[in-house]
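Open the model in your viewer, keep a selection prompt at hand, and follow the stops below in order.

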Amino acid sequence: MSSNKVKIPLLETAKWLSFLLVLVFLISLVSQGKRSNTEFSVMTEAVISAAVLDDMVEADNQMVKRLYGIDSANYEGLMLYTPTTNMGAEEILLVKLKDTAQQAEVTAAVEKRIATQMDSFEGYGITQYEMLESHVLEVQGNYML
């Protein structure tokens, strides 16, 4: 029975790592460190099709503001998926910046959110905490994931 408990987190971790690698590849292909003209809807569809969104829901602008402290109206595009329960730490945030000068603001918001989540899961949410420790924040030109 304990071997199943070990396999499940390993499979879950492998699933998320492969998902993140696909997303990093997609964003790298599109932007190559320069301003991308790719429509936000096209990028959103690429992320959604590569993601495993079981047990996740798309957040509205109010939720983005509450969790990250940023206003979606300040960006060319913003998409956030969050877990359906408070017991999950998986989140997918995709932002198309109006100006690359906004990178610092979004990076700070993401780092603050990760720190908050790590505080929440420390001591009891081992799998979630480990996932947060190995988070991916990819910046490619005017896109951030």
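Begin by selecting Glu 76 and Arg 35, whose side chains meet in a salt bridge with an N to O distance of 3.0 Å, and keep in mind throughout that this is a predicted model. Glu 76 sits in the loop between helix H3 (61-68) and strand E2 (77-83), while Arg 35 belongs to the loop between helix H1 (2-31) and H2, so the pair ties together parts that are 41 residues apart in sequence. Glu 76 is partly exposed, with a relative accessible area of 41%, and Arg 35 is likewise partly exposed, at 44%.

Now add Lys 96 to the selection: Glu 76 forms a salt bridge with this residue too, the closest N and O atoms being 3.2 Å apart. Because Lys 96 lies in strand E3 (residues 92-96) and Glu 76 in the loop between H3 and E2, this contact ties together parts that are 20 residues apart in sequence. Lys 96 counts as buried, since its relative accessibility of 4% falls under the 20% cut-off.

Next, select Glu 91 and Arg 113, where a further salt bridge is found at 2.5 Å, N to O. Glu 91 is in the loop between E2 and E3 and Arg 113 in helix H4, so the bridge ties together parts that are 22 residues apart in sequence. Arg 113 is buried, with a relative accessible area of 11%. With Arg 35, Glu 76 and Lys 96 shown together, you have the one network joined by salt bridges that share partners; the count of salt bridges comes to 3.

Turn then to the aromatic rings, for which a search of the whole structure finds 2 pairs. Phe 40 and Tyr 143 form a stacked pair, 6.5 Å centre to centre with 5° between the planes. This pair links distant parts of the chain, with Phe 40 in helix H2 (residues 40-50) and Tyr 143 in strand E5 (residues 143-144), 103 residues apart; both residues are buried. Phe 121 and Tyr 124 form a tilted pair, 6.0 Å centre to centre and with 40° between the planes, and Phe 121 is buried at a relative accessible area of 2%.

Select Asn 142 next, in the loop between strand E4 (139-140) and E5, where this residue is buried with a relative accessible area of 0%. Its C-alpha atom is separated by 7.1 Å from that of Lys 98, although Asn 142 and Lys 98 are 44 residues apart along the chain.

Finish on the surface with Asp 119, Glu 122, Glu 130 and Glu 133, which form a negative patch. Asp 119 lies in helix H4 (residues 103-121) and is exposed, with a relative accessible area of 58%.

Technical notes: Residues numbered from 1 in each chain as written. Predicted model: local features only at pLDDT ≥ 70, side-chain atom pairs only at ≥ 80, totals over all residues. Heavy atoms only, no water. Patch = residues over 30% accessible without salt bridge, like charges linked within 9 Å, V, L, I, M, F, W, Y side chains within 5 Å. Areas by Shrake-Rupley, 256 points an atom, 1.4 Å probe, with all protein chains shown as cover. Salt bridge = Lys/Arg side-chain N within 4 Å of Asp/Glu carboxyl O. Lys, Arg positive; Asp, Glu negative; His and termini not counted. Charge placed at Lys NZ, Arg CZ, Asp CG, Glu CD. Helix = DSSP H or I, 4+ residues; strand = E, 2+ residues; numbered from the N terminus. Buried < 20%, exposed > 50% of the residue type's maximum accessible area, 1.4 Å probe, protein only. Phe/Tyr/Trp six-rings, centres within 6.5 Å; stacked < 30°, edge-to-face > 60°.
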